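Reader: Could you take me through one part of this model up close, in plain words? I am in my first year, so please explain each term as you go.

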Amino acid sequence: MRILNASGCLDALAAPEVAGQLDAFVTKTITPLPREGSAPPRIAETEHGMLNAIGLANPGRERFLTEHLPKLRELGLALWVSVGGFCADDYAETCASLPVGEIEAIELNLSCPNVDEAADSAAEIVAACRRATELPLYAKLSAAHPDVAEVARAVAAAGADGLSLINTLRAVALDRNLRPVLARGSGGLSGPALKPIALHAVSVCSEATGLPIVGMGGIQSGRDALEFAACGACNVALGTVLFGDPGAPARVRAELAAACEDVGVATPDDAPALAKSPETERKVPA
Ligand SMILES: Cc1cc2nc3c(=O)[nH]c(=O)nc-3n(C[C@H](O)[C@H](O)[C@H](O)COP(=O)(O)O)c2cc1C
């Protein structure tokens, strides 16, 4: 099982010592044109997780390719580039611009503002990107869709090589005077509250497609990562946890080995079989 960061939760150039603990680094979502993002405040804490309305702030495709990518390459990490946009052409043009030998995979952020999360529009974007690049394409889906497995099947049929699950869920936090804390009103909820929702999405999408899955949503410990493996994720990504614990990737990796031992599996790859095994074969009764 590889440990990645969740897109937007780590700046590898600002914190190379954190990025160096990862098996691959995922960039913040890049859009064709630069974006300043939403007005502040754009981050808030809630009792159950973190709320953000960053609004896809990013330097835009050209500056990413000429300034950021060469510096990221110097870090010597496997690189995943997160691609966003407002229509299929936006995504496809950025995919076409990414140099094949320098990047391990592309993650398509299919939960961008103004991008319809319906299965057919997600599939249209993936199909356009499939025509534009040979690089592996991971479709990052939101669990807000009533049937995320249907979207997963549609993007698989359109040529996705894998899935990243899940993105934040839309939410609101109010201040003492009952006004929204975030300037934009609502934002995306991340952190521990997402874990049960993400585990469900991973489980149904794995069953629906059999594609490799990067699981994320509230992972804080090695045990959490093992639960994602049990539901069908082959890799995991750490997001919100990185803001409070920059040592999380190394810690989670060490805890993962202990969590495997605890339930009696040799590696996380054996977790799905254990999850489906009869009770008599389990080290820890269900
Ligand atoms: C501050 C912040 C910025 C984010 N920016 C992006 C982004 O640019 N692209 C994207 O696909 N997801 C973005 N996400 C979502 C995360 O990649 C991840 O899917 C989500 O936070 C769930 O994981 P977590 O609970 O471990 O944080 C962002 C999340 C946070 C908290």
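Author: **A ring pair and the strand that holds one half**

The structure holds one aromatic pair. Its members are tryptophan 80 and tyrosine 138, set 4.6 Å centre to centre with 50° between the planes, and the pair is tilted. For the term: rings of Phe, Tyr and Trp (its six-membered ring) pair if their centres lie within 6.5 Å, and planes under 30 degrees apart count as stacked, over 60 as edge-to-face and the rest as tilted.

Tryptophan 80 lies in strand E5 (residues 79-83) and tyrosine 138 in strand E7 (residues 137-141), so the pair ties together parts 58 residues apart in sequence. The strand names come from DSSP runs, numbered from the N terminus: helices (H or I) have at least four residues and strands (E) at least two.

A word on where this comes from: this is a predicted model, in which local features need pLDDT of at least 70, side-chain atom pairs count only at pLDDT 80 or more, and totals for chains, interfaces and linings use all residues. Residues are numbered from 1 along each chain as its sequence is written, and side-chain values use heavy atoms, with hydrogens and water left out.

Are the two rings' residues buried or exposed? Tryptophan 80 has 3% relative accessibility and counts as buried, and tyrosine 138, at 9%, counts as buried too. Buried means under 20% relative accessible area, exposed over 50%, and partly exposed in between (1.4 Å probe, protein chains only).

Now look along E7 itself. Five of its five residues are buried. Leu137, Ala139 and Leu141 are on one side, Tyr138 and Lys140 are on the other, and both faces are covered.

E7 also has strand partners. Two strands pair if DSSP finds at least two bridges between them. Strand E6 (residues 105-109) pairs with E7 in the parallel sense over four bridges, and here isoleucine 106 has leucine 137 as its bridge partner. Strand E8 (residues 162-165) also runs parallel to E7, joined by four bridges, with leucine 141 opposite leucine 165.

One residue of E7 leads us to the ligand: Lys140 is among the closest of the 22 residues that surround the ligand, as are Thr29, Gly191, Gly218 and Thr240. Being near here means that one of a residue's heavy atoms lies within 4 Å. By class, this shell has seven nonpolar, 13 polar and two charged residues; Ala, Val, Leu, Ile, Met, Phe, Trp, Tyr, Cys and Pro count as nonpolar, Asp, Glu, Lys and Arg as charged, and the others, Gly among them, as polar.
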